[in-house]
Amino acid sequence: MSKVKFAILGVGNCASSLIQGLHYYSKNSEGLWHLKVGGYKVEDLELVLAYDIDPRKVGKDISEAINYNVAPKRVNLDKLGIEVKEGLMLDPLPPSLNHIKDFRVKDATKLVDELKSYKVDILLNCTCSGLDKTSKLY
């Protein structure tokens with residue numbers, strides 16, 4: 001079985017927990033209810049792209065970008081070699097992102113081309129709740 005390549009939209013608390021969990025459970029099965037789901041093991045999941053709109057995260061390795069979240073760090077991650085790319089946003093910025101002063105809507109064409117070039121199988125939407133227009137755009 002080949003790897004399942006996935007991309008994350010939004011490198012917030014949920015994404016942080018997922019990334020740490022994947023890293024931990026790829027080496028330790030204690031605590032997992034099922035070692036395989038649908039024939040796939042944890043190590044069969046491969047994160048290949050990540051997007052966020054927070055300028056503190058964009059351009060950084062995802063292992064560093066998750067440090068700006070409030071989710072607890074339970075796993076020390078080495079650099080994963082996945083640079084967080086600038087995401088898209090159509091909705092008004094939520095209060096938690098009021099530190100972003102100059103955000104402009106980007107063209108989705110480049111993002112679509114990146115997803116195709118990385119042969120992404122799954123696009124996981126971890127954007128903030130209530131971002132309906134943005135989610136539909138993605």
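Ala, Val, Leu, Ile, Met, Phe, Trp, Tyr, Cys and Pro count as nonpolar here, Asp, Glu, Lys and Arg as charged, and the others, Gly among them, as polar. We're working on a predicted model, where local features need pLDDT of at least 70, side-chain atom pairs count only at pLDDT 80 or more, and totals for chains, interfaces and linings use all residues. Numbering starts from 1 along each chain as its sequence is written, and side-chain values use heavy atoms, with hydrogens and water left out.

**Exercise 1. Work out the overall layout of the chain.**

Step 1: count the elements, taking helices (H or I, at least four residues) and strands (E, at least two) as DSSP runs numbered from the N terminus. You get four helices and four strands.

Step 2: walk along the sequence, and the pattern reads β-α-β-α-β-α-β-α.

Step 3: check the spread. The radius of gyration (over C-alpha atoms) is 15 Å, close to the 14 Å from the globule rule for 138 residues, so the chain is as compact as a globular protein of that length. That rule is 2.2 Å times the number of residues to the power 0.38.

**Exercise 2. Put the strands of the sheet in order.**

Step 1: pair them up, where a pair needs at least two DSSP bridges. The result is an open sheet with order β3-β2-β1-β4 and parallel pairing.

Step 2: find the edges. β3 (84–86) and β4 (122–125) each have a single partner strand, so one side of each is left without a neighbour in the sheet.

Step 3: zoom in on β1 (residues 4–9), which pairs with β4 over four bridges. Phenylalanine 6 has isoleucine 122 of β4 as its bridge partner.

**Exercise 3. Describe the largest pocket and its lining.**

Step 1: set the rules. On a 1 Å grid over the protein atoms alone, a pocket is an open set of points where a 1.4 Å probe fits, with protein on both sides within 12 Å along at least five of seven lines; lining residues have an atom within 4 Å of a point.

Step 2: get the volume, the space filled by probe spheres set on points joined across faces, edges and corners. It comes to about 410 Å³ for the largest pocket.

Step 3: look at the lining. Of its 27 residues, Gly12, Asp52, Lys57, Leu97 and Cys128 are the closest to the centre. Helix α1 gives the most, with three residues.

Step 4: sort the lining residues by type, and you find 15 nonpolar, eight polar and four charged.
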